[in-house]
Amino acid sequence: MVKIAAFDVRQDEIPHFNKYEHLYQLSIDRFEAPLRLDNMDLVRDCQGISVLGQSEINEDILVALVAKGIRQVNTRTVGTNHIDLAAAGKWGIRVTNASYPPDGVAEFTVMLLLLVLRKYKQAMYRANVNDYSLEGLEGRELKECTVGIIGTGAIGTAVIKLLKGFGCQVFAYVRDGRLKPELEGYAEARDLDFIYRTCDIISLHIPVTETSRHFIDKKAINAMKEGVILINSSRGGLMDVHALMEGIESSKIGGLAMDVFENEAEIYHRDRRLEIISNREMAYLRQFPNVVMTQHMAFYTARDIEYMVRTGLESFLSPLVFSTYGLNGS
Ligand code: COI
């Protein structure tokens, strides 16, 4: 029987762990804590580990895992930016990620976009104190906007398809310039210059890598339309937070919604009310009336949670076992 140590385990994942542990005949030790060097002892007699994005799997951790006989690291997320993949390759550790339908994240992205477009953050704050005034809350209609989608993977594609229903014009940035046939009639492929110059709203749907880190920097923002709305439900590291702060201060950026934030791992997905949070940029950006920040929850639907646990655990079975959305192993 394959034994796994699972870290970052949330309460809502437990029923799925119970179900698939039994179904797939695995033995799983579950821990709420992220995996760190100082709790490495929790990994005992295991062949593999499973984590979420809170565990930073760097080379030191990988070396310690190798010493414990671990041969596979699974992340129950799609993104793998918290794992040093090159070091994993070097130390012969197989890395697998989860796979889940893009609809939950895509719908959340459209919600963020509408929230900013209709200034709903302010409207909600006002209503909470019985202020039902309208001044300053005038919004815009999505139908009248041009939207630029950066990246046409599963989530970018799903967002583009949802936007079709709103009647807005959609342009997509695809690295090789070729729109996939599935998106014909939904969007037109354009280069970044065009998207920056033309689009009222820009939404990011690319992974963060060494080359895409701070994809949205000062230069990119300067090239954008006055009052551009930026949406990020992908990864915080795609945006240079100082460039964002300057963009908001100068009103170059007219609205911003982020479900993600650089260095969020120690902060999001826990109750931090009584703690001193040291992320000044986050606190500063959050207070702007036209900035909406959510706690990395675009993925958080009942369906996606089950997929994350299920496809994560399936990756410990024979590589021939595939779930509906595929098994991403390397
Ligand atoms: C992902 O699956 O990549 C996510 O963003 C989900 C989150 C739990 C890290």
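**Notebook: cores and ligand site**

I looked up Leu230 first: leaving out residues up to four places away in sequence, Leu230 touches Ile202, Ile216, Met224, Met239, Leu244, Ile253, Gly255, Leu256 and Ala257. Contact here means heavy atoms within 4.5 Å.

I noted that this is a predicted model, where local features need pLDDT of at least 70 and side-chain atom pairs count only at pLDDT 80 or more, while totals for chains, interfaces and linings use all residues. Residues are numbered from 1 along each chain as its sequence is written, and side-chain values use heavy atoms, with hydrogens and water left out.

Next I checked the largest nonpolar core (buried Ala, Val, Leu, Ile, Met, Phe, Trp, Tyr and Cys residues joined through side-chain atoms within 4.5 Å; buried means under 20% relative accessible area, with a 1.4 Å probe and protein chains only). It has 36 residues, and Leu230, Leu256 and Leu285 touch the most other members. Helix 9 (residues 241-249) gives the largest share of this core, five residues. Helices are DSSP runs of H or I, at least four residues, numbered from the N terminus. A second, separate core has 33 residues, including Ala106, Cys145, Val147 and Ile149.

Then I turned to the ligand. I found Thr77, Val78, Gly79, Tyr100, Arg235, His296, Phe299 and Met308 around the ligand, each with a heavy atom within 4 Å of it.

I listed three polar contacts (pairs of N or O atoms within 3.5 Å), each to an oxygen atom of the ligand:
- A backbone N or O atom of Gly79 lies at 2.8 Å.
- A side-chain N or O atom of Tyr100 lies at 2.6 Å.
- A side-chain N or O atom of Arg235 lies at 2.7 Å.

Conventions
Buried < 20%, exposed > 50% of the residue type's maximum accessible area, 1.4 Å probe, protein only. Helix = DSSP H or I, 4+ residues; strand = E, 2+ residues; numbered from the N terminus. Polar contact = N/O pair within 3.5 Å; in protein donor to acceptor, adjacent residues only side chain to side chain.
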